[in-house]
Amino acid sequence: EKIGSMVEELKSIDEIFKQIGEQLSSRFGVTLNLKIPDLQNDTQEPTSDVERSENDISDKVEYDQQQENEKPRSKRFKWNVEEVPIEEQQKKKIERLQQVNREQTHTINVLREKNASLCLTSASYTHQKMVDQLGQTRSASLVDASLFSNSFHTGDSVLQKQEPVFLGENEFKGLRTTNLPSGSFSDVKRYFFSGDDDETVAVKCMRTDIFGYQVLAVLSHEHRLLAFAGRHKNIVRTMGLVRIGGALSHVMYYQDGTRLDLMIQKSTLRTFFIFKELIEGIACGLNFLFSKGIIHNNLVPENIILKDWEPVIVGFSFACRSESVKPKVSKFLMSKFPEQKHFAPEIFTGSPVSFSTDVYAFGVLVERILRATRDFKLDDILKSRIDCFATVGCQTIFDHRERADTLLERVRAMFAY
């Protein structure tokens with residue numbers, strides 16, 4: 001009877017263990033088959049009675065009988081759980097991350113579309129704003145600085161007082177044109193009136209891939225600046241602005257001659273008089289700009305036109321008045337100008353452009369002219385003086401550089417040897 005009651009108790013305990021196994025299986029994602037060991041066989045290993053299947057994770061229950069100090073036997077159960085393989089876990093994790101990545105990619109694409117739409121709206125607004133400003137006289141407010149982010153200046157309220165001259169588009173229709181040597185930032189065409197070479201103009205268009213919608217502001221500023229400077233034999237003259245084919249262009253008096261860089265490559269300096277007039281003429285043009293408070297900012301051989309061997313300074317896209325310079329232009333300079341040898345070193349360390357930076361560029365220009373091919377022999381002493389003036393005098397540090405207000409006098413004194 002006692003053995004029968006114990007068997008009944010064990011059956012109820014077996015049911016309890018089965019319920020516990022089911023709860024643990026659903027909670028931890030495993031399958032537990034628990035079985036109570038047979039009391040009549042103390043040495044039997046319970047693990048041999050555990051059921052296995054291909055899809056289930058088996059649990060082993062071990063019963064041990066121990067006797068210590070003649071105490072009654074005690075039961076001990078040991079559960080071994082077989083976990084999901086690591087490869088399967090990693091595969092699920094990768095799939096989850098891929099889904100997150102797809103969702104984030106979709107979000108980024110949506111934001112890019114919104115940003116492109118906003119940029120287009122802003123560009124259209126800026127374009128209309130510049131068109132409206134072209135014909136205005138701004139006496140009270142400053143020019144929007146965002147229109148000149150690709151310039152050495154922040155906008156000039158004084159130049160905005162200069163009334164621009166607009167030419168009729170019909171006057172340029174049907175005229176014969178030829179392409180002139182283009183620069184790094186603009187394309188120039190020559191327009192012929194009535195077939196007479198004396199009645200020709202140069203029409204300049206800025207490259208939109210560099211300036212975008214700011215070409216309107218840049219061309220308008222260049223025209224106003226040259227109108228503000230006035231006439232000088234060594235400075236190109238402006239005529240006005242014109243719309244040709246929907247694009248704004250700057251019309252200037254045509255300078256019949258050769259660019260200095262092309263002349264140095266293909267020709268020679270025939271006489272000492274031409275050599276002297278070339279250097280003095282550039283210095284004379286710079287001296288005139290300095291007297292008007294204007295900094296050229298891009299004095300290179302490409303911007304010197306030789307008309308009957310008399311130099312004319314062109315290329316005023318980056319010119320500005322000294323009162324409107326930006327405090328720092330190093331980032332803009334390094335991003336827009338592939339050739340930077342003519343820029344003074346202090347610009348790269350955070351200093352603004354000045355008359356002295358144009359003096360530095362003039363020294364680089366004179367040094368290059370000195371290396372050009374000549375048909376005459378230059379006196380060794382004079383050659384040494386010119387070289388010393390160009391390198392030590394103009395290309396030295398800011399504090400020891402030739403002064404802008406005495407540059408022309410120093411050049412003339414140098415050739416008076």
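Select Asn-297 to begin: this residue counts as buried, at 5% relative accessibility (buried means under 20% relative accessible area, exposed over 50%, partly exposed in between, with a 1.4 Å probe and protein chains only). Asn-297 is placed in the loop between β7 (294-295) and β8; helices (H or I, at least four residues) and strands (E, at least two) are DSSP runs, numbered from the N terminus. Its phi is near 75°, a positive value in a residue other than glycine.

The structure is a predicted model, in which local features need pLDDT of at least 70 and side-chain atom pairs count only at pLDDT 80 or more, while totals for chains, interfaces and linings use all residues. Residues are numbered from 1 along each chain as its sequence is written, and side-chain values use heavy atoms, with hydrogens and water left out.

**The whole chain**

Display the full protein as a cartoon: its secondary structure comes to eleven helices and ten strands. Of its 417 residues, 40% count as buried. Contact means heavy atoms within 4.5 Å; among contacts between residues at least 6 apart in sequence, 62% join residues at least 24 apart.

**The sheet that includes β8**

Next, select 258-259, 304-307 and 310-313. An open sheet of three strands appears, in the order β6-β8-β9 and with antiparallel pairing (two strands pair if DSSP finds at least two bridges between them). β6 (258-259) and β9 (310-313) stand at the edges with a single partner strand each, so one side of each has no neighbour in the sheet. Four bridges link β8 (residues 304-307) and β9 in the antiparallel sense. To inspect one of them, pick Lys-307, whose bridge partner in β9 is Glu-310. Then add helix α7 (residues 272-291), which packs on the sheet and touches β8 and β9; its direction makes about 30° with that of β9. Axes here are lines fitted to C-alpha atoms, for helices over the stretch in contact, and angles run from 0 to 180 degrees between N-to-C directions.

**The nonpolar cores**

Which residues have the most contacts inside the largest nonpolar core? Select Leu-260, Leu-269, Phe-275, Phe-316, Phe-362, Ile-369 and Ile-386, within a core of 53 residues. A nonpolar core is a set of buried Ala, Val, Leu, Ile, Met, Phe, Trp, Tyr and Cys residues joined through side-chain atoms within 4.5 Å. At least two residues of this core come from each of α5 (215-229), α6 (260-266), α7, β8, β9, α9 (355-370), α10 (380-393) and α11 (407-415). Helix α7 gives the most, with eleven residues. Colouring by domain shows that domain 1 (160-253) and domain 2 (258-415) each provide at least three residues of this core; these bounds come from an automatic or database domain assignment.

Centre the view on Phe-316. Not counting residues up to four places away in sequence, Phe-316 touches Lys-204, Glu-222, Leu-225, Leu-226, Ile-235, Val-236, Leu-289 and His-296. Apart from the largest core lies another, of 23 residues, among them Phe-185, Leu-241, Phe-337 and Phe-343.

**Two buried histidines**

Move to His-250 in strand β5 (residues 247-253). His-250 is buried, with a relative accessible area of 0%. Its side chain and that of Glu-222 are joined by a polar contact of 3.2 Å. A polar contact is a pair of N or O atoms within 3.5 Å; within protein, one must be able to donate a hydrogen and the other to accept it, and residues adjacent in sequence count only if both atoms are side-chain atoms. Beyond four places in sequence, the residues that His-250 touches include Val-203, Leu-219, Thr-238 and Leu-241.

His-221, in helix α5, is also buried, with a relative accessible area of 4%. Show His-153 as well, since its side chain makes a polar contact of 3.3 Å with the side chain of His-221. Setting aside neighbours within four places in sequence, His-221 is in contact with Phe-148, His-153, Asp-156, Leu-159, Ala-319 and Cys-320.

**Glu-346 and the β1-β2 hairpin**

Where does Glu-346 lie? Glu-346 is in the loop between α8 (330-336) and α9, and is buried at a relative accessible area of 11%. A polar contact of 2.8 Å joins its side chain to that of Arg-401. Glu-346 and Ile-397 are 51 residues apart in sequence, with their C-alpha atoms 8.1 Å apart in space.

Finally, select 176-193. Strands β1 and β2 form a hairpin with six residues between them. β1 (residues 176-179) and β2 (residues 186-193) pair in the antiparallel sense over four bridges; in one of these strands, β2, Lys-189 is the bridge partner of Asn-179.
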